[in-house]
Structure formats: structure tokens, C-alpha cells
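Please work through the following exercises with the sequence and the three-dimensional model at hand. Each task is followed by a solution in steps.

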Amino acid sequence: MRRRAEFTETVRRGSRAGRPLVSGHLRLRPGFPEPARVGFVVGRAVGTAVVRNRVRRQLRHLARGYLGSLPGGSLLVLRANPRAATARQADIAAELDLVVSALLQRQGEAQCR
């Protein structure tokens with residue numbers, strides 16, 4: 001994801017799940033034939049530019065594994081929290097798994113209503 005409007009729409013209208021290292025927002029858009037897309041937010045509170053880019057690369061690498069499990073047309077925004085700067089990649093991966101699982105579960109419950 002690269003457009004500000006998509007980030008804004010996902011954060012405002014999507015469901016949210018958070019953990020100490022990573023939080024996420026998921027917006028399902030039924031009827032969109034395009035594949036799922038992921039955007040990343042790594043603010044200055046995480047650290048210097050070098051640290052932020054390293055965290056963003058880690059998140060991008062880990063998020064690739066979830067693209068197949070996300071419904072088509074969905075938008076996922078992942079936000080790195082400041083503690084992610086000093087966390088091991090295995091810890092980030094574990095928390096990302098919990099966040100994505102919670103988001104998919106919430107979206108499934110919302111569709112059943």
C-alpha cells in the first residue's frame with residue numbers, strides 16, 4: 001500500500017488488534033478482485049532512520065507469509081511500536097502471528113452477524 005487514503009480508510013474503518021511490539025488494522029473490501037495488500041507504519045519513536053528501516057524490512061519479510069491467508073481485496077496496516085526496535089525477529093514474528101490471527105477472527109465474527 002502506498003496511498004494515504006488507503007491507510008486512512010484501513011485505520012478508521014478496519015478492525016484493530018494490538019500487542020506490545022506490533023499492532024494492526026485490517027479492512028476487508030468484498031468485491032475487489034485484487035490481491036490483499038499490506039502497508040507499514042514505523043514512526044520516529046521507534047528509532048533512527050537505520051533502525052526504522054530495519055524494523056520495516058523485518059515486518060515486510062514476515063508479512064509476506066500472511067498474504068495468502070488474507071481475503072482478496074483486503075488491506076492490512078501494520079504499525080511497529082517503539083519496543084520493536086530492540087526485539088528479536090522471532091519475538092516480532094510471534095506477536096505478528098497473534099495480531100493477524102486476532103484480526104482474521106474478528107473479521108470472521110463481523111461477517112457472521
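The exercises below concern a predicted model and proceed from the sheet to the helices, single residues and the largest pocket.

**Exercise 1. The sheet**

Task: Determine the order in which the four strands form the sheet, and identify which strands stand at the edges.

Solution.
Step 1. Pair strand 1 (15-18) with its neighbour. Four bridges join strand 1 to strand 2, and the two run antiparallel. The connection between strand 1 and strand 2 is a hairpin of three residues. Within this pair, serine 15 stands opposite leucine 26 of strand 2.
Step 2. Continue from strand 2 (22-27). Six bridges link strand 2 to strand 4, again in antiparallel fashion. Leucine 26 has leucine 76 as its bridge partner in strand 4.
Step 3. Continue from strand 4 (75-80). Strand 3 and strand 4 are joined by six bridges and run parallel. Valine 38 stands opposite leucine 76 in strand 4, and valine 42 has alanine 80 as its bridge partner there.
Step 4. Assemble the result. The four strands form an open sheet in the order 1-2-4-3, with mixed pairing. Strand 1 and strand 3 each have a single partner strand, so they stand at the edges and one side of each lacks a neighbour in the sheet. From one strand to the next, the twist averages 15 degrees.

**Exercise 2. The faces of strand 1**

Task: State which residues of strand 1 point to one face and which to the other, and which are buried.

Solution.
Step 1. Recall the general rule: side chains in a regular strand alternate between the two faces of the sheet.
Step 2. Apply the rule to strand 1. Ser15 and Ala17 point to one face and are buried, whereas Arg16 and Gly18 point to the other face and are not buried.
Step 3. Set strand 4 beside strand 1. In strand 4, five of the six residues are buried, and the strand is mostly covered.

**Exercise 3. The two sides of helix 1**

Task: Explain why the buried residues of helix 1 lie on the same side of the helix.

Solution.
Step 1. List the buried residues. In helix 1 (residues 4-13) these are Glu6, Phe7 and Thr10.
Step 2. Consider their directions. The three cover an arc of only 100 degrees around the axis, which means that they lie on the same side of helix 1.
Step 3. Identify what the buried residues pack against. Their partners are strand 2, strand 3 and strand 4.
Step 4. Turn to the face away from the buried side. This face carries the exposed residues Arg4, Ala5, Arg12 and Arg13.
Step 5. Add helix 2 (residues 49-63), which also packs on the sheet and touches strand 2, strand 3 and strand 4. The direction of helix 2 makes about 155 degrees with that of strand 3.

**Exercise 4. Three single residues**

Task: Decide whether glycine 14, histidine 25 and valine 99 are buried or exposed, and name residues that they touch.

Solution.
Step 1. Apply the cut-off for burial, a relative accessible area under 20%.
Step 2. Glycine 14 lies in the loop between helix 1 and strand 1. Its relative accessible area is 18%, so glycine 14 is buried. Beyond four places in sequence, glycine 14 touches Glu9, Leu26 and Arg27. The C-alpha atoms of glycine 14 and leucine 75 are 8.6 Å apart, although 61 residues separate them along the chain.
Step 3. Histidine 25 lies in strand 2. With a relative accessibility of 8%, histidine 25 counts as buried. Its contacts beyond four places in sequence include Thr10, Ser15, Leu76 and Leu103.
Step 4. Valine 99 belongs to helix 3 (residues 89-112). A relative accessibility of 1% places valine 99 among the buried residues. Beyond four places in sequence, valine 99 touches Ala17, Gly18, Arg19, Val22, Ser23 and Gly24.

**Exercise 5. The largest pocket**

Task: Find which element gives the largest share of the lining of the largest pocket.

Solution.
Step 1. Note the volume of the largest pocket, about 250 Å³.
Step 2. Inspect the lining, which includes Met1, Arg2, Val38, Phe40, Arg56, Arg60 and Leu67.
Step 3. Assign the lining to elements. Strand 3 and helix 2 are the elements that give two or more residues.
Step 4. Conclude that strand 3 gives the largest share, four residues.

Key
Residues numbered from 1 in each chain as written. Predicted model: local features only at pLDDT ≥ 70, side-chain atom pairs only at ≥ 80, totals over all residues. Heavy atoms only, no water. Buried < 20%, exposed > 50% of the residue type's maximum accessible area, 1.4 Å probe, protein only. Arc of directions from axis to C-beta. Contact = heavy atoms within 4.5 Å. Pairing = 2+ DSSP bridges. Axes fitted to C-alpha atoms, helices over the stretch in contact; angles between N-to-C directions. 1 Å grid on protein atoms, 1.4 Å probe; cavity = no way out; pocket = protein on both sides within 12 Å on 5 of 7 lines; lining within 4 Å. Points joined across faces, edges and corners; volume = space filled by probe spheres on them.
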